[in-house]
Amino acid sequence: MEQVTSQQVLDSLKQCMDPEIPINIVDMGLIYGVKVSNDNKVDVKMTMTTRGCPLHDTLVSDVKRYVNKVPGVSDVNVEIVWEPAWTPEKMSEEGKKLINYGKQKTITPIDYETAMPQGVGSVVKQEDGSLVLMNEHEQGFMVNQAIIDFWKLCNGQRKITELVDAFAQITGLQRGQVEIEVIQLIQQLRDGGIVIIKEPEVSNVQFKK
């Protein structure tokens, strides 16, 4: 039996995307450690960006799925830890570049009461089954099914408050649990050119004097 290495596991986990931000969990700095026993049992120690992450179970399942893609893995155990707490400083240099971390940039603010996000680009399924969202400049972001489902909800007809309600219904979570996550996700998808922000048209009404 060929010995599995921790590097093989990390390489596979680079296909596993954070459920809130279209960056893989390795470059996000969520993986705190990988240990492989002599009989190829893999222990992954990781964290999440927030304790209240509504897609906690989804991410753990994704981690197990990608680790099991490594030939020879006999079993996978995932341990979630909260110390040390995650901060953006734990991201790799590549991850920081993807979100322009540490750089000043001018961003048009989003009016969360009126804005209606519109998904743009396309979904590409790769040979290994991983999903990629391609923007109109052919830049790809590996994502998971939860992000795809949310992207499809962004049809330019729903306000952000309505998207929060719809996503809460899909995930089976309370509205308050997903609201912050939805807002952060919209910001990241917009930065990646995968979502554009539409504002409702205002009728040109003339009032008589």
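Is Pro84 buried, partly exposed or exposed? Keep that one in mind while you get your bearings.

**Setting up**

You have a predicted model open, where local features need pLDDT of at least 70, side-chain atom pairs count only at pLDDT 80 or more, and totals for chains, interfaces and linings use all residues. Numbering starts from 1 along each chain as its sequence is written, and side-chain values use heavy atoms, with hydrogens and water left out.

Colour by secondary structure to begin. You should find six helices and eight strands, where helices (H or I, at least four residues) and strands (E, at least two) are DSSP runs numbered from the N terminus. Following the chain from the N terminus, the order is α-β-β-α-β-α-β-β-β-β-α-α-α-β. Of the 209 residues, 41% are buried; buried means under 20% relative accessible area, exposed over 50%, and partly exposed in between, with a 1.4 Å probe and protein chains only. Take the contacts (heavy atoms within 4.5 Å) between residues at least 6 apart in sequence: 64% of them join residues at least 24 apart.

**Stop 1: Pro84**

Now select Pro84, in the loop between strand 3 and helix 3 (93-98). With 44% relative accessibility, Pro84 counts as partly exposed. Show the backbone here: the peptide bond joining Glu83 and Pro84 is cis, with omega about -5°. Leaving aside neighbours within four places in sequence, Pro84 is in contact with Tyr32 and Lys90. Try a distance label between the C-alpha atoms of Pro84 and Tyr32: they are 52 residues apart along the chain and separated by 9.3 Å.

**Stop 2: Asn40**

Next, pick Asn40, in the loop between strand 1 and strand 2. Its phi is near 65°, a positive value in a residue other than glycine. Asn40 is buried, at a relative accessible area of 0%.

**Stop 3: the largest core**

Select Leu13, Ile25, Ile31, Val44, Leu59, Val63 and Val67, which have the most contacts inside the largest nonpolar core, a set of 27 residues. A nonpolar core here is a set of buried Ala, Val, Leu, Ile, Met, Phe, Trp, Tyr and Cys residues joined through side-chain atoms within 4.5 Å. Helix 2 gives the most to this largest core, with five residues. Zoom in on Val67: not counting residues up to four places away in sequence, Val67 touches Val9, Ser12, Leu13, Val42, Val44, Val73 and Val76. A second, separate core has 25 residues, including Ile110, Leu153, Ala168 and Ile194.

**Stop 4: two helix pairs**

Bring up helix 1 and helix 2, which pack at about 125° with their axes 8 Å apart. Axes are lines fitted to C-alpha atoms, for helices over the stretch in contact, and angles run from 0 to 180 degrees between N-to-C directions. The contact is made by Val9, Ser12 and Leu13 of helix 1 and Val63, Tyr66 and Val67 of helix 2.

Then move to helix 5 (residues 160-171) and helix 6 (residues 175-191), packed at about 120° with axes 9 Å apart. These two are therefore oblique to each other: angles under 35 degrees count as roughly parallel, over 145 as roughly antiparallel, 65 to 115 as roughly perpendicular and the rest as oblique. To see the contact, select residues including Ile160, Leu163 and Phe167 in helix 5, and Val178, Val182 and Ile186 among those in helix 6.
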